[in-house]
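Okay, thanks everyone, let me get the model up on the screen. I'll talk for a few minutes, so just shout if you lose track of where I am.

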Amino acid sequence: YKIISHVGKGCFSVVSAAVNKNSNRKFAIKTYNRIDQMDDIRLKNIQNEVQNLFHLHHNNIIMLRHAVKDGRKIQLIMENGGQQSLSGLLRKTTGF
């Protein structure tokens, strides 16, 4: 994957837009850094997120394609939901 741009940031993760070098398809990569410094509860929450997303298949839910644990980080390779953060999308569509 080749990182194209930064999409958003949460308390524990960063989301980037990326392109698969082989297929040229766009994806979003959610990266949890420094997992070696996270407590057991936080790691369990990430594990639950991965398991839940792998089993959810719905048009309104962004599909998780791959989960990769590499050294001190976990990366979730997900379908591309656009170049906007969730909070930005909510403000635009609902006024939230």
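Let's start with a pocket: the second largest one, with a volume of about 170 Å³. Before I go further, please keep in mind that this is a predicted model.

So which elements give two or more residues to the lining of that pocket? Those are helix 1, residues 40-55, and strand 4, residues 64-70. Helix 1 gives the most, with five residues. If you want to click through the lining yourselves, it includes Leu 43, Ile 46 and Val 50, and also Ala 67, Val 68 and Ile 74. There are charged names in there too, and the split for the lining is seven nonpolar, one polar and three charged. Asp 36, Lys 44 and Lys 69 are among the residues you'll find there.

Okay, zooming out for a second. The protein has two helices and five strands, and if you read along the sequence the pattern is β-β-β-α-β-β-α. Of its 96 residues, 27% count as buried. And if you take the contacts between residues at least 6 apart in sequence, 39% of them join residues at least 24 apart.

Now the strands at the start of that pattern. Strand 1 is residues 2-9, and it pairs with strand 2 in the antiparallel sense over six bridges. The two form a hairpin with three residues between them. If you want a spot to look at, find Lys 9, whose bridge partner in strand 2 is Val 14.

On to the next pairing. Strand 2 and strand 3 also run antiparallel, joined by seven bridges, and here Val 19 stands opposite Lys 26 in strand 3. This hairpin has six residues between its strands, and Asn 24 in the turn has a positive phi of about 65 degrees.

Is strand 2 largely enclosed or largely open? Five of its seven residues, in the stretch 13-19, are buried, so strand 2 is largely enclosed by the rest of the structure.

Let's stay with strand 3, residues 26-32, and pick out Thr 31. Why does Thr 31 count as buried? Because its relative accessibility is 10%, and the cut-off for buried is under 20%. Its side chain makes a polar contact with the side chain of Gln 75, at 3.3 Å. Leaving aside neighbours within four places in sequence, Thr 31 is in contact with Phe 12, Ser 13 and Val 14, and with Lys 73, Ile 74 and Gln 75.

Step back one residue and you're on Lys 30, also found in strand 3. A lysine, so what would you guess, buried or exposed? Lys 30 is buried, because its relative accessible area is 18%, again with the line drawn at under 20%. The side chain of Lys 30 makes a polar contact with the side chain of Glu 49, at 2.8 Å. Its contacts beyond four places in sequence include Ser 13, Val 14 and Val 15, then Glu 49, and also Leu 76 and Met 78.

One general thing to have in mind while you look at these two: in a regular strand the side chains alternate between the two faces of the sheet.

And to tie back to where we came in, Ile 74 is in contact with Thr 31, is in contact with Lys 30, and is part of the lining of the second largest pocket. That's all from me, questions welcome.

Key:
Residues numbered from 1 in each chain as written. Predicted model: local features only at pLDDT ≥ 70, side-chain atom pairs only at ≥ 80, totals over all residues. Heavy atoms only, no water. Helix = DSSP H or I, 4+ residues; strand = E, 2+ residues; numbered from the N terminus. Buried < 20%, exposed > 50% of the residue type's maximum accessible area, 1.4 Å probe, protein only. Polar contact = N/O pair within 3.5 Å; in protein donor to acceptor, adjacent residues only side chain to side chain. Contact = heavy atoms within 4.5 Å. Pairing = 2+ DSSP bridges. 1 Å grid on protein atoms, 1.4 Å probe; cavity = no way out; pocket = protein on both sides within 12 Å on 5 of 7 lines; lining within 4 Å. Points joined across faces, edges and corners; volume = space filled by probe spheres on them. Nonpolar A, V, L, I, M, F, W, Y, C, P; charged D, E, K, R; others polar.
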